[in-house]
Amino acid sequence: MRLEDVWLRYGRRTPWVLRGVDVEISPGEVAVVLGRNGVGKSTLLQLAAGVLRPTRGRVRDRPRVVGWVPERFPADQPFTIRQYLTSMGRLRGLSAAASRDATGAWTERLGVVPYLDVRLPELSKGTAQKVGLAAALLRPPDLLVLDEPWEGLDAATREQVPLLIRQVRDGGGAVLVSDHRGETARLPGARQWSVADGTVSVTVPESEREGMAVVEVAVPATRAADTAAALRAAGHQVLRVRQADPSEIG
Amino acid sequence: MFALVRMRLTGFVRTGRALAPLIAGLVVLGVLYGGGQAQAGEAYGVSAAVLFPVLAWQAKLLLDAEPDVQRRLALVAVGSRYRELVAGLLAATLAALVTVVVALVLPWLVGGIRGPRSAGEAPLSEGITLGVWAHLLAVPAAVALGALASRAATRSTTYGIVVLVGGAVGAVVMGLKNSVAPWLAPPVMATARALSGGPDGVAVVTLTLQALLWSAAVLTGYAWLRRRW
């Protein structure tokens, strides 16, 4: 999936939250979104998940099954955990039986079975967050978007989150996760997307940087964007596109 | 999509938000039929007109029952902006149809409708058919107005109320007999007038087209306001 020159603002008179963002994430890849509070991390994640549409630019090749865990689970709903999760399973296109099975499996794994018939508004913040996590995983996602997934979770479940991320990654899914607590130190090999001043810069993990070479290619300026896109599609990392100095082209 | 329709209807009923418009509808109809008996067409025409704001309010309440974040979760889960939007409108339409059934049955329980007294008056069956048509005509327009006034479209409680009240008042004012711009309003008032006199085929077709076009225009506005979130 690729965000191409994505700009976003919430209204005509409001400032741009994101300006010219150009990032991509491939299947089996994990990216951690870092940045100060209010810098646009959640906005970026919601763009990736398909909740928001860019004001300018576009999002290409978003996978079909997306799981999104918002920063705060909307617990003000008149359902029990069981009713909520089975309904969300049906929304995701699962049959009634498959939805019940998936609900059973995920609530078991996340330790919320004792609360299955408790109504959502009565849950603690951490348990509600687990329901949000389970809802995103009911159908194995091709893209999992987690907005501060560690918030409010108990120690045992915090340990589970990196395992869940790895499970999705190993199944060929991509994972985008925001974090301001430093919990993502437990995700070695993840790329880092740093959000600041409306732009996103990508840092490749050290393990991937070793043994890499840089190939400089000159193309007509009109074909620069297409070439960069083709190189990215072929799995290469495009470091930058710059104006060529006539003297360096032989 | 139907799973989302069911989930939204269930949420609407379980939160108790379904009660207020139903009670309001019963009060309005109680006042209407408390005054005595009328012919089916005439009574149902007025019933559809007075129910229009109630149905619009009901649609807004239904669409607003779900927290904003849950609406976004539903959108990600169904995987299509179009399906999420249509599921909301469908749920609101089904809720409106329940209210319409109550409105059609109620006058028979309280003796608010009488049959023809002379040979010149329209037969009862014609009055009932036209009454059903009048109510069905009010439904898409009311759902469209309620959707336009919903939080997802206006993103503000104040604007939502302004749109709902403005739309309901506009439907009456612009629908008056000598209105300068009757096409600006859904034809609920015009339908009530037509039913009191017994409409001809041309009037039925014209009013149906006006109601559908008005609803389509308002729903287009709703979809446009929701194009990015």
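Domain bounds here come from an automatic or database domain assignment. Keep in mind, too, that this is a predicted model.

**Exercise 1. Split chain A into its domains and describe how they touch.**

Step 1. Start with the bounds: domain 1 of chain A covers 1-65 + 141-211, and domain 2 covers 76-139.

Step 2. Take the centres over C-alpha atoms, and you get 24 Å between domain 1 and domain 2 of chain A.

Step 3. Now count who takes part. Domain 1 of chain A puts 11 residues into the contact, and domain 2 of chain A puts in 10.

Step 4. Look at the domain 1 side. Its top contributor is helix 5 (residues 155-170) of chain A, with 3 residues. Sorted by class, that side of domain 1 holds 6 nonpolar, 3 polar and 2 charged residues.

**Exercise 2. Check how far the predictor trusts this complex.**

Step 1. For the complex as a whole, the predictor gives an ipTM of 0.89 and a pTM of 0.87.

Step 2. Go chain by chain. Chain A has an average pLDDT of 89, with 97% of its residues scoring at least 70. For chain B the average is 92, and 100% of the residues score at least 70.

Step 3. Find the extremes in chain A. Confidence is lowest in helix 6 (residues 206-209) of chain A, where the mean is 66, and highest in helix 2 of chain A, at 97.

**Exercise 3. Work out which parts of chain B touch chain A.**

Step 1. Count both sides: 20 residues of chain B are in contact with 20 residues of chain A.

Step 2. Assign the chain B side to elements. Helix 1 and helix 4 (68-78) of chain B are the elements that give two or more residues. Helix 4 of chain B gives the most, with 9 residues.

Step 3. Sort by class, and the chain B side comes out as 12 nonpolar, 4 polar and 4 charged residues.

**Exercise 4. Describe how helix 2 of chain A packs on helix 1 of chain B.**

Step 1. Pick your descriptors: two packed helices are described by the angle between their axes and the distance between the axes.

Step 2. Read them off. The axes of helix 2 (residues 81-91) of chain A and helix 1 (residues 2-14) of chain B come within 8 Å and cross at roughly 150°. Because of that angle, helix 2 of chain A is roughly antiparallel to helix 1 of chain B.

Step 3. Get the handedness: helix 2 of chain A passes helix 1 of chain B in a left-handed crossing.

Step 4. Name the residues. From helix 2 of chain A come A:S87, A:R90 and A:L91, and they meet B:A3, B:L4 and B:M7 in helix 1 of chain B. That contact divides into 4 nonpolar, 1 polar and 1 charged.

**Exercise 5. Do the same for helix 1 and helix 5 of chain B.**

Step 1. The axes of helix 1 of chain B and helix 5 (residues 81-110) of chain B come within 8 Å, crossing at roughly 50°. So helix 1 of chain B is oblique to helix 5 of chain B.

Step 2. Helix 1 of chain B passes helix 5 of chain B in a right-handed crossing.

Step 3. On the helix 1 side of chain B, the contact uses B:L4, B:V5, B:R8, B:L9 and B:F12; helix 5 of chain B answers with a set including B:E84, B:G88 and B:L94. The class tally for this contact is 9 nonpolar, 1 polar and 2 charged.

**Exercise 6. Finish with helix 3 and helix 8 of chain B.**

Step 1. Helix 3 (residues 40-65) of chain B and helix 8 (residues 157-173) of chain B have axes 10 Å apart and pack at an angle of about 160°. Helix 3 and helix 8 of chain B are therefore roughly antiparallel to each other.

Step 2. The crossing of helix 3 and helix 8 of chain B is right-handed.

Step 3. Among the contact residues are B:F52 and B:W57 of helix 3 of chain B, and B:L164 and B:A168 of helix 8 of chain B. By class, this contact has 7 nonpolar, 2 polar and 1 charged residues.

Technical notes
Residues are numbered from 1 along each chain as its sequence is written. Chains are lettered from A and ligands numbered from 1 in the order in which they are written. This is a predicted model: local features need pLDDT of at least 70, side-chain atom pairs count only at pLDDT 80 or more; totals for chains, interfaces and linings use all residues. Axes are lines fitted to C-alpha atoms, for helices over the stretch in contact, and angles run from 0 to 180 degrees between N-to-C directions. Helices (H or I, at least four residues) and strands (E, at least two) are DSSP runs, numbered from the N terminus. Angles under 35 degrees count as roughly parallel, over 145 as roughly antiparallel, 65 to 115 as roughly perpendicular and the rest as oblique. A crossing is left-handed if the near helix is turned anticlockwise from the far one by less than a right angle, and right-handed if clockwise. Two residues are in contact if their C-beta atoms, placed from the backbone, lie within 7 Å. Ala, Val, Leu, Ile, Met, Phe, Trp, Tyr, Cys and Pro count as nonpolar, Asp, Glu, Lys and Arg as charged, and the others, Gly among them, as polar. pLDDT is the predictor's confidence in each residue, from 0 to 100.
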